[in-house]
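Me: Could you walk me through this model, one feature at a time? I would like to learn how to read each of them.

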Amino acid sequence: MPIIEVNGLRKAYGGRPVVDDVTFAVEEGEIFGILGPNGAGKTTTVECVEGLREPDAGAVRVAGLDPRTDRDQLTRTLGVQLQESELQEKLTVREALELYGAFYPDPADWRGLAERLGLTGKLTTRFGRLSGGQKQRLFIALALIGRPRVVVLDELTTGLDPRARRDTWKLIEEVRDSGVTVLLVTHFMEEAQRLCDRIAVFKQGRVAALDTPSGLIRRSSGGTVISFAPSRPLDDGDLAGLPEAATIERRNGHLTIHGTDTTVNAVISLLARHQITARQLRVTDSTLDDAFLELTEDREN
Ligand SMILES: Nc1ncnc2c1ncn2[C@@H]1O[C@H](COP(=O)(O)OP(=O)(O)OP(=O)(O)O)[C@@H](O)[C@H]1O
């Protein structure tokens with residue numbers, strides 16, 4: 001049974017559709033990513049999941065609850081990363097954690113959460129005096145304080161330094177390992193690739209692709225690229241029989257061949273057969289970045 005179900009979701013602003021027939025389901029215990037260019041409808045979609053926006057059409061269920069009509073139960077099920085403006089400047093970190101913990105019947109231990117998020121030294125600091133990254137960590141702690149079954153994190157690590165970002169990834173993995181489902185909106189490909197079990201790529205209000213990170217990479221046409229400078233020239237006849245080679249380019253004594261793993265293996269055997277050495281040999285694979293750019297490319301421009 002999926003824990004989040006979004007079916008035929010539509011939302012328009014001023015007659016312009018920004019979420020246009022979006023359907024996806026998130027299984028319990030998954031980290032499910034939503035990727036997409038600015039304005040693709042990601043936040044609008046998650047706000048419908050959180051019950052903050054009313055869909056024009058379609059159905060949303062979180063653990064069987066309707067976010068618009070079952071609000072009380074939903075707040076006990078769903079943890080949401082707050083936006084900055086929602087906390088008072090004068091509130092200290094400790095007060096914020098205690099206050100938000102008091103909203104729930106069985107809150108998590110705020111001291112433990114503060115420690116996991118590196119906030120122990122900041123407990124008496126007022127919210128207005130925290131750095132951007134410290135605020136971000138506090139929002140993550142507040143999203144988790146009610147021991148939610150599902151947590152929605154929109155731009156989880158924006159503003160965090162590289163170490164804090166990695167620590168946060170570890171924390172999110174621990175959260176998932178404790179059985180919590182995570183819905184993650186992100187612009188960071190490395191984050192999506194590392195954390196997400198599956199990803200929905202949004203484009204202009206629609207789901208352009210939904211797959212595992214490696215599934216999305218496999219779909220991209222970039223494939224594997226091998227480039228090298230052969231110790232003596234290879235003629236076209238030798239290269240013609242290479243399996244699964246999409247393109248072969250020659251430039252300044254360098255060969256660049258786009259293909260697959262099979263192509264790379266065939267190139268290596270070919271070189272060995274002809275006793276040719278490959279100088280400056282590089283083999284690179286497509287990344288989630290490549291897949292994302294290809295999937296969200298605006299072909300009309
Ligand atoms: N309250 C609103 N009134 C009018 N238009 C809105 C409103 N909220 C969002 N939009 C528009 O809807 C579109 C989708 O916005 P949304 O915030 O869902 O995109 P997003 O994919 O989350 O983008 P980003 O990556 O920039 O956060 C945008 O063009 C935005 O300008």
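**Reading the model step by step**

Reply: Happy to! Let's begin with confidence, as this is a predicted model. The chain has an average pLDDT of 91, and 97% of the residues score at least 70. As for the model scores, ipTM is 0.96 and pTM is 0.84.

Me: How many helices and strands does the chain have?

Reply: Counting along the chain gives 11 helices and 13 strands.

Me: Is the chain spread out or compact, set against a globule?

Reply: The idea is to compare the radius of gyration with what the globule rule gives for the chain length. Here the radius of gyration is 24 Å, while the rule gives 19 Å for 301 residues, so the chain is more spread out than a compact globule. Along the principal axes, the C-alpha atoms fill a box of roughly 75 × 45 × 35 Å.

Me: And what share of the residues is buried?

Reply: A residue counts as buried if 20 or more other C-beta atoms lie within 10 Å of its own. In this chain, 34% of the 301 residues meet that mark. Now for contacts: of those with a separation of 6 or more, 68% join residues 24 or more positions apart.

Me: Which residues are around the ligand?

Reply: They are Y13, V18, G36, N38, G39, A40, G41, K42, T43 and T44. Sorted by character, this shell has 3 nonpolar, 6 polar and 1 charged.

Me: Which helix gives the most to that shell?

Reply: That is helix α1, residues 42-49, which contributes 3 residues.

Notes. Residues are numbered from 1 along each chain as its sequence is written. This is a predicted model: local features need pLDDT of at least 70, side-chain atom pairs count only at pLDDT 80 or more; totals for chains, interfaces and linings use all residues. A residue is near a molecule or strand if its C-beta atom, placed from the backbone, lies within 6 Å of it. Helices (H or I, at least four residues) and strands (E, at least two) are DSSP runs, numbered from the N terminus. Ala, Val, Leu, Ile, Met, Phe, Trp, Tyr, Cys and Pro count as nonpolar, Asp, Glu, Lys and Arg as charged, and the others, Gly among them, as polar. pLDDT is the predictor's confidence in each residue, from 0 to 100. The radius of gyration is taken over C-alpha atoms; the globule rule is 2.2 Å times the number of residues to the power 0.38. A residue is buried if 20 or more other C-beta atoms lie within 10 Å of its own, exposed if 12 or fewer, and partly exposed in between; C-beta atoms are placed from the backbone. Two residues are in contact if their C-beta atoms, placed from the backbone, lie within 7 Å.
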